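Visitor: I am new to this structure. Please take me in for a close look at one part, the salt bridges and the strands around them.

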Amino acid sequence: MGCHRRDRLTTRCGAEPQTLAEHETATGAWIQIHYSPACGTSWARMWGAALDDRVEVRAGGANGPVHSARVTNRTKRTPTSTPS
């Protein structure tokens, strides 16, 4: 099941994810990296961030594509993907 850019709750990928990493930034924002073995999808979750904060995640190792999201308001995210 491909879940790229789809809601992990409606695809059921978010049902029992593994938390791979959790980190508090210097500004007090938090980020978690999750992985779902059910569909092979990973995603990042960020909270406590300020407007215009951005998170970047590189998929597939050092040469994989960079996926990022920027905080544009308190309820919406702006995802982008940048090829390496």
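Guide: The accessible surface of the protein comes to about 6,200 Å². Carbon and sulfur atoms hold 50% of that surface. This is a predicted model, so every value here is computed from predicted atoms. The protein has 84 residues, and 21% of them are buried.

Next, the framework. The secondary structure comes to six strands and zero helices. From the N terminus the elements run β-β-β-β-β-β. Of the contacts with a separation of 6 or more, 15% join residues 24 or more positions apart.

Three strands form an open sheet, in the order β1-β2-β3, with antiparallel pairing. Its edge strands are β1 (18-24) and β3, and each of these pairs on one side only. On average, neighbouring strands of this sheet are turned by 15 degrees against each other, direction ignored.

Take the pairings in turn. β1 and β2 are antiparallel and pair over six bridges. Here E24 stands opposite W30 in β2. Strand β2 (residues 30-36) also pairs with β3, again in the antiparallel sense, over seven bridges. The hairpin of β2 and β3 has four residues between the strands. In this hairpin, G40 takes a positive phi near 70 degrees.

Now stop at A44, which lies in strand β3. A44 is the bridge partner of I33. A44 counts as partly exposed because its relative accessibility is 35%, and the band for that class runs between 20% and 50%. Leaving aside neighbours within four places in sequence, A44 is in contact with I31, Q32, I33 and V57. A44 and E56 are 12 residues apart in sequence, and their C-alpha atoms are 8.9 Å apart in space.

E56 brings us to the salt bridges. The count comes to two. To qualify, a side-chain nitrogen of Lys or Arg must lie within 4 Å of a carboxyl oxygen of Asp or Glu.

One of the two salt bridges joins the side chains of R54 and E56, at 2.2 Å from N to O. How do these partners sit at the surface, buried or exposed? R54 has a relative accessible area of 53%, so R54 is exposed. E56 has 46%, so E56 is partly exposed. The cut-off for exposed is over 50%.

R70 forms a salt bridge with D52. The closest N and O atoms of this pair are 2.8 Å apart. The pair links distant parts of the chain, with the two positions 18 residues apart in sequence numbering. R70 belongs to strand β5 (residues 66-71). D52 belongs to the loop between β3 (41-47) and β4 (54-58). R70 counts as partly exposed because its relative accessibility is 35%. D52, at 54%, counts as exposed.

Stay with D52 for its backbone. What is the phi of D52? The value is near 75 degrees, which is positive in a residue other than glycine. Most residues other than glycine have a negative phi. So this loop residue has two features to look at: the positive phi, and the salt bridge with R70.

To trace the part yourself, start at I33 and cross to its bridge partner A44 in β3. Go on to V57, which A44 contacts. Then find E56 and its salt bridge with R54. Finish at D52 in the loop between β3 and β4, where the salt bridge leads to R70.

Note on methods: Residues are numbered from 1 along each chain as its sequence is written. This is a predicted model: local features need pLDDT of at least 70, side-chain atom pairs count only at pLDDT 80 or more; totals for chains, interfaces and linings use all residues. Side-chain values use heavy atoms; hydrogens and water are left out. Buried means under 20% relative accessible area, exposed over 50%, partly exposed in between (1.4 Å probe, protein chains only). Two strands pair if DSSP finds at least two bridges between them. Contact means heavy atoms within 4.5 Å. Accessible areas come from the Shrake-Rupley method with a 1.4 Å probe; for residues, only the protein chains shown count as cover. Axes are lines fitted to C-alpha atoms, for helices over the stretch in contact, and angles run from 0 to 180 degrees between N-to-C directions.
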